[in-house]
Amino acid sequence: MQMLIGGKQVDARDKQTQEVINPTTMQVIDTVPAATEADVAEAIAIAQKGKGIWKNTPMHERVRILMRWAELVEENREKLCNMMCDEVGKTMFGCQAEVSSCINIIKAYCEKMRTYSTETLPLDSEPGNTGDIIFTVREPLGVIACIIPFNYPTELYAHKVAPALVAGNAVIIKPSSDTPMGNIFLTELLLEAGVPGEAVQVVTGSGSKVGTWLSQSKDIAAISLTGSTEVGIQTALNGAKHLAHVYLELGGNCPLIIFDDADMEKAIEEALLGRVWNAGQTCCAAKRFLVQRGVEKEFVEKLTEALKNTKVGDPRDPDVAYGPLISERAAIDVEKQIQHTIDQGATCVLGGKRYDSTFIEPTILTGVTRDMDVADELEIFGPVFPVIAFDTMEEAIEIANQIPYGLSSGVITADMGIAFKVAMAMESGTCVVNGCGNYRTAYHAFGGYKMTGIGREGCGYTLEEYTQIKSIVLKKLMV
């Protein structure tokens with residue numbers, strides 16, 4: 001597959017490419033260009049022209065085009081799902097769910113944009129403005145760089161690109177090096193729907209190079225990145241040099257707090273949702289399981305039973321719950337993190353091993369204490385369940401909040417008074433009562449506290465982030 005610059009399929013100027021590996025089979029399924037700095041500069045220059053073309057396209061026409069895009073995604077659902085299954089290693093069920101989310105997100109932003117209102121200030125509010133009419137309009141920022149992660153490449157493409165375009169911005173899309181194919185295909189569908197080639201570009205290649213060139217450019221008005229905290233900090237530093245708007249959704253080590261009066265079947269169901277879905281490669285999924293000491297043994301026993309009956313393997317098999325991690329490198333890292341936690345004193349009661357290059361066994365670690373790395377900054381991006389026992393609500397809250405991240409959280413208890421107290425005390429962008437933090441809609445404000453990032457994604461919220469306010473004064477009009 002090729003990059004899309006100026007509406008045309010192009011190779012890198014030096015013809016260098018990167019391989020796209022199927023993590024299930026470890027076979028090369030395609031190549032994409034490894035963009036040069038000159039390629040990125042060309043994409044930015046074209047986008048600078050495109051921002052004017054697209055801004056001046058009437059909003060109702062932008063909405064019509066994007067609604068047609070949603071129709072094209074539906075028409076090409078199977079092709080997109082097959083691409084995702086191959087390059088991400090996600091189950092076909094998960095791929096289908098993600099495409100449905102993508103379509104829903106596009107439509108939601110289009111609907112929101114139609115009713116996205118501005119304001120008129122009260123007349124004669126100060127002695128000096130008697131007779132003046134003051135009102136606001138919202139205008140696009142310009143060119144937005146959308147840096148997409150590997151784990152939800154279709155859904156997060158929609159969350160970044162749809163609001164940017166419907167608000168009148170031009171976009172430059174940087175896919176993950178592991179999963180560029182679906183992003184290229186979605187952009188082809190955007191062009192087919194009628195978005196001008198000047199308004200949407202895709203540049204592929206190394207994130208450390210292409211992402212840096214984009215974030216350092218003074219012609220990039222905003223950068224939206226989902227990725228690691230380390231990359232997010234560097235991106236913010238790069239953007240700060242030209243005061244770019246920077247929106248970041250970064251690391252998380254989300255807690256699920258289970259009290260001794262919890263419905264244990266619900267607790268197990270939500271624990272599995274947090275770590276089995278997408279092989280545990282979900283930013284907002286539960287990654288620390290804080291279980292009240294009175295039910296810790298029951299929780300571990302029932303979780304062990306459930307995981308022993310969880311089928312792992314070929315993501316095209318409809319009975320498989322999860323497939324491989326995104327790469328052999330990622331699986332090696334998770335295996336090392338498991339061993340590191342064991343070395344710190346935890347006990348592995350199930351799993352713990354990597355096999356077939358990219359697969360990780362469902363893993364339960366017990367005896368985890370709050371001073372271990374996995375209870376703090378160590379985010380394990382895989383199907384691993386660290387169990388931390390607690391005695392009181394206050395202790396659970398302390399352990400949950402001791403980390404530098406704050407993306408999502410969950411609490412399961414029969415006592416709604418306790419649930420609400422916990423939810424209010426959580427230092428996280430979302431707290432799910434009677435569920436884990438693996439929860440997201442097109443509409444709610446998604447993002448985190450502390451080192452998890454800056455800004456929120458969700459209808460209304462992202463449109464505010466991707467636009468700027470202009471005040472217009474009609475002086476003495478009412479005098």
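How many bridges join strand 16 to strand 17, and do they run parallel or antiparallel? Select strand 17 (residues 384–390) together with strand 16: 4 bridges join the two, and they run parallel. Strands here are DSSP runs of E of at least two residues, and helices are runs of H or I of at least four, numbered from the N terminus; two strands pair if DSSP finds at least two bridges between them.

The model is predicted, so local features need pLDDT of at least 70 and side-chain atom pairs pLDDT 80 or more, while totals for chains, interfaces and linings use all residues. Residues are numbered from 1 along each chain as its sequence is written, and side-chain values use heavy atoms, without hydrogens or water.

Stay on strand 16 and pick Leu-365; its bridge partner in strand 17 is Pro-386. Next, add strand 13 (residues 347–350), which runs antiparallel to strand 16 and is joined to it by 3 bridges. Thr-347 stands opposite Thr-366 of strand 16. Of the 6 residues in strand 16 (residues 363–368), 5 are buried (under 20% relative accessible area, 1.4 Å probe, protein chains only), so the strand is largely enclosed by the rest of the structure.

Now move to the largest nonpolar core (buried Ala, Val, Leu, Ile, Met, Phe, Trp, Tyr and Cys joined through side-chain atoms within 4.5 Å). This core has 60 residues, and Leu-66, Trp-69 and Ile-106 are among those touching the most other members. Helix 4 (92–114) supplies the largest share, 11 residues.

Select Ile-106: leaving aside residues up to four places away in sequence, its contacts (heavy atoms within 4.5 Å) include Ala-70, Val-73 and Ala-158.

Finish at a second, separate core of 58 residues, which includes Ile-258, Ala-267, Phe-299 and Val-387.

Terms used: Buried < 20%, exposed > 50% of the residue type's maximum accessible area, 1.4 Å probe, protein only.
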